[in-house]
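Here is a structure worth walking through slowly. Could you explain how its pieces fit together?

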Number of protein chains: 2
Amino acid sequence: MKQKTTALLAACAVLGAAGFGTAAFGDDAKPAATLQYSREGLMLRPEHYREWIYLTSGFDMSYSPAMSLGHVFDNVFVNPQAYAVFVATGRWPDDTALIIEIRSAESKGSINKSGNFQGAKVVGLEVHVKDTARFADGWAFFEFESAAPAKMIPRSEECYSCHAAHAAVDTTFVQFYPTLLPIAQKMGTIVPECK
Amino acid sequence: MKQKTTALLAACAVLGAAGFGTAAFGDDAKPAATLQYSREGLMLRPEHYREWIYLTSGFDMSYSPAMSLGHVFDNVFVNPQAYAVFVATGRWPDDTALIIEIRSAESKGSINKSGNFQGAKVVGLEVHVKDTARFADGWAFFEFESAAPAKMIPRSEECYSCHAAHAAVDTTFVQFYPTLLPIAQKMGTIVPECK
C-alpha cells in the first residue's frame, strides 16, 4: 500500500501517462496504435515503453514540502506516434499513451561517490491514456503493482482533479517536459489558467 | 571553462556516448547509420538524440565525494540500431553512438515543492562513438559547448583512461544502465576486472 501511495503521488506530481507493448524500432518500426486490454477492460502491463520517446526524469519530486518518499527517480515516456503529433501541433492525439516509471535511486556503486544513479528496481508504473472512444472524459489513469493487468484508477482519485487543475496541456504536465514546453508555448496550446 | 569541466567530469562519471542527427520514428524510420563530420574531421552537433533510445538519468553524479557541480541531471541516449544489437548480443556494434546530455535541475515550479525536475537549459553535451574505421582505438569522445562542430577530445584526457579502467562493457558504463546491465550479465560480456 505504501508503494501504491508513493507511485500514485509521484505520478500526480509529474505527469499524464499511458502505454503500449511494442518496440520503437526494427523491421516493423511503428508501435501498435492502441493499448492492450483484457476482455474485462483491464489494461495489460506495457512491456516495451523504454523504447518509446523519453520526455523527462525527476528526482524525489513532490508537491508537498513535508512528503518523504525516499530516493526515487521518475522517468516519463510517450508513444512515438503521439510524440510526433505533439511536435507538429502542440496537442495530444487520440491514442496518446504516457508512462511514468518510478525507479529506485542508488548512490554508492562502481566509481560513483555522490549524487544518485538509477537502480534495477522499478517501484511503480503508471499510465495516462487518451482514448475518447473508451473513456467518457477522454483520458484515464492506470497503475500497475505487478505483472497483472490493472483496473482503471477511479475518477474520484486526486490524480484526475490535480491534472485537471494544474496540468499545462490537455491534463498533462507539459510544464515538466523541457523539450515539449517550448512547442506548446509556440503553438499556444497551454491552458491559460495553468499554474 | 567551468562548464567544460563540469560536463567532462559528469560524462566520465556516467558513460560512454556518441551521436547522429535524425529522428527515431516517422516514414523514414531508421536513423542514419553514421555520425556527421565536417571535412576537417569535426563532429557536427547531433540534433535529434532525444528521439533515440533512453538508457538512464543520474542526479548530481560524481566520482569524487568532495566534488560539487551544482544540481544537474544527466540523461543518456543511444542510437536505436546499436541498442537493438546490444539487446540481442550484449555487445556494441560499429557505429554505436552514445550521448550524455547534462541538463539543469530545478526545484520550485508549478506544483512541485521538493525534489528536482529538469529545466530548459542544456549545460553540456558529449558523445562517445565507436567507429573502428575512423578511430585507431575504436572509440572516441567529443564534447559540444555550442552549436559549433566539435574536435575529438584528445586521448590524453582522463575520459579515456577512466572508461578503460572502470566501464563494464567495451569502455561503456553499462553498470549504470539498468535495463542493459542484466543483458550484459546474461550474455557474459562484462569485463571481468570491471569495478
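The paragraphs below go from a helix to a sheet and then to the core.

Keep in mind that this is a predicted model. A good place to begin is chain A, with helix H2, which spans residues 80–89. Its buried residues are A:Pro80, A:Gln81, A:Ala82, A:Tyr83 and A:Phe86. In an α-helix there are 3.6 residues a turn, so residues three or four places apart point the same way. What do the buried residues of H2(A) pack against? Their partners in chain A are strand S1 (53–62), strand S2 (72–78), strand S3 (97–106) and helix H4 (181–187). After H2(A) comes A:Gly90, which has a positive phi, near 75 degrees.

Now turn to chain B, where strand S3 covers residues 97–106. This strand is mostly covered, with eight of its ten residues buried. S3(B) runs antiparallel to strand S2 (residues 72–78) of chain B, and seven bridges join the two. To find your way along this pairing, look for B:Val72, whose bridge partner in S3(B) is B:Ser104. S3(B) also pairs with strand S4 (residues 114–130) of chain B, again in the antiparallel sense, over nine bridges. Here B:Ile99 stands opposite B:Val127 of S4(B).

Finally, the core. The largest nonpolar core holds 91 residues, and A:Phe77, A:Val78, B:Phe77 and B:Val78 have the most contacts inside it. Take A:Val78 as an example: setting aside neighbours within four places in sequence, A:Val78 is in contact with A:Trp52, A:Ile53, A:Leu55, A:Tyr83, A:Thr96, A:Ala97 and A:Leu98. One of these contacts, A:Tyr83, brings you back to helix H2 of chain A, where A:Tyr83 is among the buried residues.

Key:
Residues are numbered from 1 along each chain as its sequence is written. Chains are lettered from A and ligands numbered from 1 in the order in which they are written. This is a predicted model: local features need pLDDT of at least 70, side-chain atom pairs count only at pLDDT 80 or more; totals for chains, interfaces and linings use all residues. A residue is buried if 20 or more other C-beta atoms lie within 10 Å of its own, exposed if 12 or fewer, and partly exposed in between; C-beta atoms are placed from the backbone. Helices (H or I, at least four residues) and strands (E, at least two) are DSSP runs, numbered from the N terminus. Two residues are in contact if their C-beta atoms, placed from the backbone, lie within 7 Å. Two strands pair if DSSP finds at least two bridges between them. A nonpolar core is a set of buried Ala, Val, Leu, Ile, Met, Phe, Trp, Tyr and Cys residues joined through C-beta atoms within 7 Å.
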